[in-house]
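Open the model in your viewer and keep the sequence panel beside it. The stops below go through the ligands and then some helix contacts.

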Amino acid sequence: MNSNNKVACPMDCYDACQGQLIDENIKGSKEHKTTNGKLCVNFANLLKEENIKDAKFQGENISLDESLNILVDKLKTTSPEKTLFYKGSGNLGVMQNSTKNFFTSYGSTLTRGSLCDGGGGAGIEAGRKNVINPPIQKLIDADVIVVWGRNFSVTSSHMYNLVKDKTFVTIDPIKTDIAKKSKIHMQINPKTDHELALLFTRFAYMQDLEDKEFIEEFGSGADWFFDISRNRPVVSYEATTGVSLSLVNEFFDLIENKKVAIVLGLGVQKYFEGASITRCIDSFAAFMGFHKKDAGGVWYLSDSAFGYKNQFETKGKNKKVSIPKVDFGSYDLVFIQGANPVVSAPNTKKVIEGLQKSFVVYFGTTANETCEYADLIIPSTSFLGKKDVRLSYGHEFKAISQIIKEKETNSISEYDLANYLLERFDFDKLKDEDEIISYYENTKPVLDDFETFEFVEELDIEPLYKEKTADNFYLITGKNKNSLNSQFAGDDFVYLNSNTNFKDNDEVLISSKYGNAKFIVKIDDDIKSDCAFFFAGNKKVNYLTPDSEDESSFSAMYQEVLVEIELS
Ligand SMILES: Nc1nc2c(c(=O)[nH]1)N[C@H]1C(S)=C(S)[C@@H](COP(=O)(O)OP(=O)(O)OC[C@H]3O[C@@H](n4cnc5c(=O)[nH]c(N)nc54)[C@H](O)[C@@H]3O)O[C@H]1N2
Ligand SMILES: Nc1nc2c(c(=O)[nH]1)N[C@H]1C(S)=C(S)[C@@H](COP(=O)(O)OP(=O)(O)OC[C@H]3O[C@@H](n4cnc5c(=O)[nH]c(N)nc54)[C@H](O)[C@@H]3O)O[C@H]1N2
Ligand code: SF4
Ligand SMILES: [Mo]
């Protein structure tokens, strides 16, 4: 009997669930604390996906061997820095990083920064070095959970399930599922979270609620931080953030003498100064001493590989390009793995024009919008047919993937492709696959807590509300329950409040500085009236977004934009 029965969900999601094959069906593992016996609708969607069966060159089916030979020939005849290695997050298993080892040794241009959590991460690092989350038990032991710019019950439904009976406070311009489940919902104006954090700080000081012991022992610069909050009249914050002082009072009543956790999400940091905004929130948390208590703390998207030694590291002096600024057209060969930049990267028009100019190799499991521009397609083995380990950016548990299904005949895993290429170029091969897997499986990283907390002492943030007029809208994107970024259910609508004068099914042209596209309207009063909401994965929303990097981390800033809407 085959004793291999573990499957890790490979998808880019906080929960990183562990599945188990039982009588031909994959069930959520009961032993895995967060999975707790359940998998989600997106996992079911993933199992239904049709995988790419054959390699393709210029649209014609070819054998896997032929496709690999074409790739090698191309690489041998192109100058390495004119090739780009572009990896997305379609699969978050550690083995996905194998290929980077080859492309680094070979000399490809690599990307830096992120399309996801980079800005916020840089903000946390600036205050306390490492982006690591407290143990999940501290979230379970908290009394009040402040959900700040995160759609907690949707994007980490398993973490939510562990704490669903707590008291919630949500800070979000959209009336999300978790906002509806919250005692207090602060329907904040976009890009004003640092101002709300300063207002909170001011209130805390007035009510003598700051944690003097924490500040004394670990803090550096707390006085400066407090000074920033004192710079302007309290009532002025009410106007800019859209959060009433009475709601702030209610908030402080609710958290008085309570153990408080903040679960921070992407929403606060999709802006040019996303790092500073996040650091300001983290500084408020430190002012209150939420860090380092027996319960509570601040959770963000942690560096899941923290404390592990990269098993694929290799030396290289590769050029690096900021991922949101990539110009595909300036490379002779682009190797895209596990990504769908035609939908997920900013400035779609520029992405498509660039891909049309370059020789594009797509290495992935399913045919997505980016494949349409690929010259060569190499099928990647489905997650059921390759070994892997999933680390989580939400909690400390890992999930293991064994081979539970024979791999598709014409597919190749990331590990095998990397070794194949390393061999063809006479580079050192990777360590044995099982050795790498067992390293990740058995290593328990030491998560040293910080010793000093450096409060943000200066803030220079250009608010979007300055440019906002009665005629334009903030652009907001958030994740969809039934899709995983651009995978699965497509929802290409724009969601608007009923007091915008638009109606259901109106066809509208939406434009920004960066481009325009047509959308069909859905009216939804959960959306703040000056916001245009789209689900991440909307095929057209990124025609509107900036292909520029944030201030500190080479990362995307999808919401640093205002849009105009007209009937078309
Ligand atoms: N079902 C499902 N789960 C997923 C994913 C998915 O696609 N589908 N994607 C996964 C990935 S890749 C990631 S990175 C995570 C991200 O998960 P989350 O951190 O939850 O990220 P988002 O859904 O992008 O945004 C969260 C919230 O921020 C709010 N927001 C927008 N602008 C602002 C603002 O200026 N201030 C405040 N306070 N809030 C704002 C939005 O309205 C939204 O509700 O989820 C993962 N989980
Ligand atoms: N406007 C706007 N844009 C956004 C966001 C937003 O909130 N707003 N969110 C951003 C975020 S948080 C993220 S993380 C990015 C995600 O952007 P990407 O990393 O580009 O992710 P996806 O678009 O989901 O595409 C992933 C692809 O990986 C492929 N894949 C799946 N499994 C495997 C595998 O095992 N091997 C290989 N080789 N391929 C595989 C799938 O076929 C899928 O098409 O999008 C970002 N884009
Ligand atoms: S909740 Fe996330 S990790 Fe768990 S099965 Fe669904 S997509 Fe996968
Ligand atoms: Mo992400």
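Which polar side-chain atom lies 3.3 Å from a nitrogen atom of ligand 2? Select Thr365: the polar atom in its side chain is at that distance from the ligand nitrogen. Keep in mind throughout that this is a predicted model.

**Ligand 2**

Stay on ligand 2 and display its surroundings, which comprise 33 residues. Those that come nearest are Ser89, Ser344, Thr366, Asn368 and Ser486. Next, pick out two lysines. The side chain of Lys386 has a polar atom 2.9 Å from an oxygen atom of ligand 2. For Lys270, an N or O atom of the side chain is 3.1 Å from an oxygen atom of ligand 2.

**Ligand 1**

Move to ligand 1 and show the 38 residues around it. Here Asp172, Asp193, Tyr271, Ser483 and Asn485 come nearest. Tyr271 uses its side chain: a polar atom there lies 2.7 Å from an oxygen atom of ligand 1. With Asn485, switch on the backbone, where an N or O atom lies 2.7 Å from an oxygen atom of the ligand. Keep the backbone shown for Lys479, which has a polar backbone atom 2.9 Å from an oxygen atom of ligand 1.

**Ligand 3**

Now select ligand 3. Around it are Cys9, Met11, Cys13, Asp15, Ala16, Cys17, Leu39, Cys40, Phe43 and His158. Coloured by class, this shell shows eight nonpolar residues, one polar and one charged.

**Helix 9 and its partners**

Leave the ligands and select residues 193–206, which form helix 9, together with residues 234–241, which form helix 12. The two pack at an angle of about 150°, and their axes are 10 Å apart. Angles over 145 degrees count as roughly antiparallel, so helix 9 and helix 12 are roughly antiparallel to each other. The crossing of helix 9 past helix 12 is left-handed. To see the contact, show Glu195, Leu196, Leu198, Leu199, Arg202 and Phe203 on helix 9, and Val234, Tyr237, Thr240 and Thr241 on helix 12. By class, this contact of helix 9 with helix 12 has six nonpolar, two polar and two charged residues.

Keep helix 9 selected and add residues 222–230, helix 11. This pair packs at about 105° with axes 8 Å apart. Helix 9 and helix 11 are therefore roughly perpendicular to each other. On helix 9 the residues to show are Leu198, Thr201, Arg202 and Tyr205; on helix 11 they meet Phe225, Phe226, Ile228, Ser229 and Arg230. The contact of helix 9 with helix 11 divides into five nonpolar, two polar and two charged residues.

How values were computed: Residues are numbered from 1 along each chain as its sequence is written. Chains are lettered from A and ligands numbered from 1 in the order in which they are written. This is a predicted model: local features need pLDDT of at least 70, side-chain atom pairs count only at pLDDT 80 or more; totals for chains, interfaces and linings use all residues. Side-chain values use heavy atoms; hydrogens and water are left out. A residue is near a molecule or strand if one of its heavy atoms lies within 4 Å of it. Ala, Val, Leu, Ile, Met, Phe, Trp, Tyr, Cys and Pro count as nonpolar, Asp, Glu, Lys and Arg as charged, and the others, Gly among them, as polar. Axes are lines fitted to C-alpha atoms, for helices over the stretch in contact, and angles run from 0 to 180 degrees between N-to-C directions. Helices (H or I, at least four residues) and strands (E, at least two) are DSSP runs, numbered from the N terminus. Angles under 35 degrees count as roughly parallel, over 145 as roughly antiparallel, 65 to 115 as roughly perpendicular and the rest as oblique. A crossing is left-handed if the near helix is turned anticlockwise from the far one by less than a right angle, and right-handed if clockwise. Contact means heavy atoms within 4.5 Å. A polar contact is a pair of N or O atoms within 3.5 Å; within protein, one must be able to donate a hydrogen and the other to accept it, and residues adjacent in sequence count only if both atoms are side-chain atoms.
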